[in-house]
Amino acid sequence: AGFVGGSNDSVSFGRVAKIWVDPKANEAYLADGYLNKRVAVVDADTGKMKRWWGAYGNKPDDSPLPPYDPNKPAQQFRNPVHCADMSVDRFIYVCDRVGDRLQVFTPEGKFVKEGFFSRNTKGAGSAWDIAFSKDPEQRYIFMADGVNERVHVIERQTLKEVTSFGDGGRRPGQFF
């Protein structure tokens with residue numbers, strides 16, 4: 001309540017969607033997300049903000065974005081930034097939920113690559129959350145798509161969708 005910060009505020013957050021803790025570097029990655037448009041990294045002991053970034057590694061900008069166009073990706077994250085998870089090879093995978101994309105960064109916030117999924121999804125978007133496969137290389141990403149009520153199976157190295165499964169509804173085996 002009463003949030004006045006912004007995506008470049010070094011002290012407060014704007015309704016964080018998800019937190020991932022890196023025990024090796026003793027840092028926490030926050031998908032800062034519902035009111036802000038960034039990934040924020042804090043010291044896991046003190047909570048002190050260390051760095052943050054927006055889409056493509058840009059400085060976050062809270063200016064209003066134009067209406068969603070699946071053929072013209074925004075240079076900033078759309079709200080919410082919904083996940084920021086680290087893979088075994090130490091890349092940060094960020095869900096730009098309403099942008100229908102998954103962006104990959106180094107831990108310092110340098111943009112590496114991106115993949116788009118169900119690009120014509122409107123409303124709440126397709127990139128809701130991810131989980132990595134349990135094999136040692138984490139070969140696959142399982143991405144939850146809440147609007148289309150599906151799970152996308154993505155080859156992690158290429159960000160190419162291999163398959164998807166699921167269907168919407170309230171019956172056994174369906175997602176709601």
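Helices (H or I, at least four residues) and strands (E, at least two) are DSSP runs, numbered from the N terminus. The model is predicted: local features need pLDDT of at least 70, side-chain atom pairs count only at pLDDT 80 or more, and totals for chains, interfaces and linings use all residues. Residues are numbered from 1 along each chain as its sequence is written, and side-chain values use heavy atoms, with hydrogens and water left out.

**Exercise 1. Place arginine 156 and describe its surroundings.**

Step 1. Arginine 156 sits in the loop between strand E11 (150–155) and strand E12 (160–165).

Step 2. Buried means under 20% relative accessible area, exposed over 50%, and partly exposed in between (1.4 Å probe, protein chains only). Arginine 156 has 2% relative accessibility, so it counts as buried.

Step 3. Contact means heavy atoms within 4.5 Å. With neighbours within four places in sequence left aside, the contacts of arginine 156 include Asp89, Tyr93, Phe132, Glu137 and Tyr140.

Step 4. Approach the pair from the other side. Aspartate 89 is in the loop between E5 and E6 and, at 33% relative accessibility, counts as partly exposed. Under the same exclusion of neighbours within four places, aspartate 89 is in contact with Arg156 and Gln157.

**Exercise 2. Find the disulfide and state which elements it connects.**

Step 1. A disulfide is a pair of cysteine sulfur atoms within 2.5 Å. This rule gives one disulfide.

Step 2. The bond joins cysteine 83 to cysteine 95, with S to S at 2.1 Å. The link of cysteine 83 and cysteine 95 is right-handed, with 75° about the S-S bond.

Step 3. Cysteine 83 lies in strand E5 (residues 81–86) and cysteine 95 in strand E6 (residues 92–96), so the pair ties together parts that are 12 residues apart in sequence. Both cysteine 83 and cysteine 95 are buried.

**Exercise 3. Determine which strands supply the largest nonpolar core.**

Step 1. A nonpolar core is a set of buried Ala, Val, Leu, Ile, Met, Phe, Trp, Tyr and Cys residues joined through side-chain atoms within 4.5 Å. The largest such core has 14 residues, and those with the most contacts inside it are Tyr29, Val39, Trp53, Phe77, Ala84, Ile92 and Val94.

Step 2. Strand E2 (27–32), strand E3 (38–43), E5 and E6 each supply at least two residues of this core. E5 gives the most, with three residues.

Step 3. Another core, of 13 residues, lies apart from it; Cys95, Ile130, Phe132 and Leu159 are among its members.

**Exercise 4. Trace the salt bridges of lysine 18.**

Step 1. A salt bridge is a side-chain nitrogen of Lys or Arg within 4 Å of a carboxyl oxygen of Asp or Glu. The whole structure has 10 salt bridges.

Step 2. Aspartate 85 pairs with lysine 18 in a salt bridge, the closest N and O atoms being 2.8 Å apart. Aspartate 85 lies in strand E5 and lysine 18 in strand E1 (residues 16–22), so the pair ties together parts that are 67 residues apart in sequence. Aspartate 85 is buried, with a relative accessible area of 6%.

Step 3. Lysine 18 also forms a salt bridge with aspartate 129, where the closest N and O atoms are 2.6 Å apart. Aspartate 129 lies in strand E9 (residues 129–132) and lysine 18 in strand E1, so this pair ties together parts that are 111 residues apart in sequence. At 29% relative accessibility, aspartate 129 counts as partly exposed.
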